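I opened my notebook and set out to read this structure a piece at a time. Here is what I looked up, in the order I went.

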Amino acid sequence: MLVGAGVLVVAAVVIALVAMGGGSPGNSPAGAPPPSRAAFTFPLDKVSSVRVAAHGPTTSAQDVAAAVQSRLSDMYGTAFLDPRSWAGATPATLWQTFAPATRARAQGDGAAFTLKGIGKVQDLKVTTSSLDVEVLYDPSGRPSAAIATVEFEASGQTGGGAPVNVVSTAHLLLRPASGQWFISGYPSASTRIAPQGSSASPSGGTP
Amino acid sequence: MAAAAGVVVARGGANEASAASPSPTPSASGAPIDIHAVHGASYLPALQGKRPLFILLIGSGAHPGQSVQGSLSDSIHLLGINLKSRRATILGFPRDSWVPIPGHGSNKINAASVYGGPPLLVQTVEQLTGIRIDFYVRTTFWGLTNLVNGVGGLNVNVPQAMHDSYSGANFSKGRHHLTGRQALAFARDRHDFASGDFARSANQATLMQAALAKFHRLFQQDPATLFKWIAVGYSQIQTNVPFPMLLDLALTATQIPNANVNNKVVPGGGGTEGTASVVFISPAARPMFAQMKARGYL
C-alpha cells in the first residue's frame, strides 16, 4: 500500500516537472534543461520629484522610485529575458504591470513593449539599461503619479541564428493603486530591432 | 510577423511609428534577410464622459496685497470641452455684462464674485447660460504673472499695436514672447481696441491658447513637463477641481489639438444702466449657449 502511494507521488512529481517544462522555450536541444530567465534590475539613474505644497512627502521619492524600479524590472525582464517570451509566448503576467483601464490597449500595442515584432529568439542578454523616475506629490504629500524614462538594450540571436540588437525605450506614466504602481499611460514607447552592428538607436512613439 | 527560419521580421503594423531603411543581413543560407523593425506606440488616458465638461476660468482683479475674497472678477471665461471629439471652446464674458445675479438683482457680472465668491459667479453664469458648470479655477493678477513666468513666458500673436499706459501694454503688431508682466498687460488692455471689453476678453483667451500650444510642444519633448506645469499652476490658482483630476485634465489637454480650440466672446453691445457703463448681452448669445451646452464647443 505504502509502496503504491510512493509510486503515485513520484509519478505525480515527474508529471508536474514535465508539465512545467512543457512548451520548452527556444531551441533547446532535446534533453537539455530549458534556459532560465536571467535576473535583471534597471539601474536607477536619476530620481526627482515635484511637489505642489509644503507638506513633507509621506513616501520618499527614492522609495517610490524603488517600487517603480521593481515593477519595471520585472516587466522588462519578462518581456525580453524570459525564455517563454523568446519562444513567442510572452507571459500574460507582463500586462498586469498596466492599470486595468490601460491593459487592453497596451496589449494591442504589444510590439512596442515586447519581442512580438521579432518572433522567436534563441537568447538575449542585456547590454545597457537605464531608468529615470520623476514623482509628483499631491497637496497632502502623497505620491500621486510618476513618469519613468526607460532605456533597455539587449543583444542576442534570432531563432534563425542571426545576431540581433533590441532597443526598447519608453516614457511611462504610472499611478498608484492598492499599494502598487501601475502604468496608466505611455506618452511614447518603442521597441526597435536591428541586426547587430547596425544602428538601433531609440525611436519613440508619437506622444 | 515572424516567418520561416532566417527571415525574422516584417516591418510595419498598426503600431509602427517609423521604420529605418532595411538592412539586409546574411542568413544561414546566405540569402539576405531584413531584421529592421520599429514598433512605436503612444497612449494617454483622458477624461471620459457623455456630456461635455465645463470649467469657469476666473481672473480676479485683486492686486498684490489685496484680498482675493470679495474681489471683482476682471476676466470670466467658460471653458467647454467635448471629451469625445476632443474639441473645446473658451467663451469669454465681458466683465461689464449686465446680468441677473441670484439673490442680488441685476448687476455687472463681475460683481457676483464680490457678493459670493466663485460659487455665486458659477451660479450666475449657470443661470445665464443654462449650462451646468463642473468646476471653477481662479487666479489673480500676480497669479497670472507668476504662471506665465513659471512656464518660461508665452509666444503670442499681438493682433494690433498696443500702447496703453493704464495696463502697461506696449507692443507692436505681430509675434511676441511675453513675460508674466507683459502677459498681464496684454490681458488687461482694452483702450487700444474699438471693441474694448470684447477684444480684451478675446486676448485673455489668446493667452490660454498660447499656453496650450506651449504645453503641447514641451510635453512632446519631455512628458515630465506635465508635472512641472501642474506644480506651477497649482501654486497660483484656487480651484475646486480635485487634485487627481487636475492630472487627468492635463492629460486630456495634451490630446486636444490647438486647432480644435475656439476663442469666442459672448456677443453684446455697450449701454448704460443708471450711471454705469455696461454691456447688454445680445439675444444672439442664446443659441451659442444652447450649442455650447449640447456639445461643449462652438
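Before comparing helices, I had to pin down what an axis is: a line fitted to C-alpha atoms, for helices over the stretch in contact, with angles running from 0 to 180 degrees between N-to-C directions. I also reminded myself that this is a predicted model.

**Entry: two helices in chain B**

I started with helix α5 (residues 225–234) of chain B and helix α6 (residues 243–253) of chain B. Their axes come within 11 Å and cross at roughly 125 degrees. Parallel, perpendicular or oblique? I checked the cut-offs: 65 to 115 degrees is roughly perpendicular and over 145 is roughly antiparallel. The crossing falls in neither range, so α5(B) is oblique to α6(B). I noted the handedness too: α5(B) passes α6(B) in a right-handed crossing.

Which residues make the contact between α5(B) and α6(B)? From α5(B) I listed B:Leu226, B:Trp229, B:Ile230 and B:Tyr234, and from α6(B) I listed B:Leu246, B:Leu247 and B:Ala250. Sorted by class, that contact has seven nonpolar residues, with no polar and no charged ones. I wrote a reminder in the margin: an α-helix has 3.6 residues a turn, so residues three or four places apart point the same way.

**Entry: another helix pair**

Next I looked at α3(B) and α4(B). Their axes come within 7 Å, and the crossing angle is roughly 145 degrees. On the α3(B) side I found B:Ala183, B:Phe186 and B:Ala187, which meet B:Asn203, B:Gln204 and B:Leu207 in α4(B). By class this contact has four nonpolar and two polar residues, and no charged ones.

**Entry: the loop between them**

B:Asp189 caught my eye in the loop between α3 (180–188) and α4 (196–221) of chain B. Is B:Asp189 buried or exposed? It counts as buried, because it has 24 C-beta neighbours inside 10 Å, and the cut-off for buried is 20 or more. I then looked for who sits around B:Asp189. Leaving aside neighbours within four places in sequence, B:Asp189 is in contact with B:Met162, B:Asp164, B:Ser167, B:Ala169 and B:Arg200. I checked one of these partners in detail: B:Asp164 is 25 residues away along the chain, yet the C-alpha atoms of the two are separated by 6.6 Å.

**Entry: helix α2 of chain B**

I went through helix α2 (residues 141–150) of chain B for its buried residues. They are B:Phe141, B:Gly143, B:Leu144, B:Thr145, B:Leu147 and B:Val148. What do the buried residues of α2(B) pack against? I found strands β4 (53–60), β9 (135–139), β10 (154–158) and β13 (174–178), plus helices α3 and α5, of chain B. Just after α2(B), B:Gly152 takes a positive phi of about 85 degrees.

**Entry: chain B as a whole**

I stepped back and tallied chain B: seven helices and 17 strands. It has 298 residues, and buried ones make up 42% of them. Among contacts between residues at least 6 apart in sequence, 59% join residues at least 24 apart.

**Entry: over to chain A**

Chain A has four helices and five strands. Reading along its sequence, I get the pattern α-β-α-α-α-β-β-β-β. Of its 207 residues, 47% count as buried. Of the chain A contacts between residues at least 6 apart in sequence, 65% join residues at least 24 apart.

I picked A:Gly156, which lies in strand β3 (residues 143–158) of chain A. A:Gly156 is buried, because 20 other C-beta atoms lie within 10 Å. Not counting residues up to four places away in sequence, A:Gly156 touches A:Val121, A:Gln122, A:Asp123, A:Leu124, A:Lys125 and A:Val164. For A:Gln122 I looked up the spacing: 34 residues apart in sequence from A:Gly156, and 7.3 Å apart in space, C-alpha to C-alpha.

**Entry: how far to trust it**

Last, I checked the confidence scores. The model scores ipTM 0.83 and pTM 0.83. Chain B averages a pLDDT of 86, and 86% of its residues score at least 70. Over residues 1–34 of chain B, though, the pLDDT is below 50, and this stretch has 84 contacts in the model beyond near neighbours in sequence.

Chain A has a mean pLDDT of 84, with 78% of its residues at 70 or more. Among its elements, helix α1 (residues 2–21) has the lowest mean pLDDT (44) and helix α2 (residues 61–81) the highest (97).

How values were computed: Residues are numbered from 1 along each chain as its sequence is written. Chains are lettered from A and ligands numbered from 1 in the order in which they are written. This is a predicted model: local features need pLDDT of at least 70, side-chain atom pairs count only at pLDDT 80 or more; totals for chains, interfaces and linings use all residues. A residue is buried if 20 or more other C-beta atoms lie within 10 Å of its own, exposed if 12 or fewer, and partly exposed in between; C-beta atoms are placed from the backbone. Two residues are in contact if their C-beta atoms, placed from the backbone, lie within 7 Å. pLDDT is the predictor's confidence in each residue, from 0 to 100. Angles under 35 degrees count as roughly parallel, over 145 as roughly antiparallel, 65 to 115 as roughly perpendicular and the rest as oblique. A crossing is left-handed if the near helix is turned anticlockwise from the far one by less than a right angle, and right-handed if clockwise. Ala, Val, Leu, Ile, Met, Phe, Trp, Tyr, Cys and Pro count as nonpolar, Asp, Glu, Lys and Arg as charged, and the others, Gly among them, as polar.
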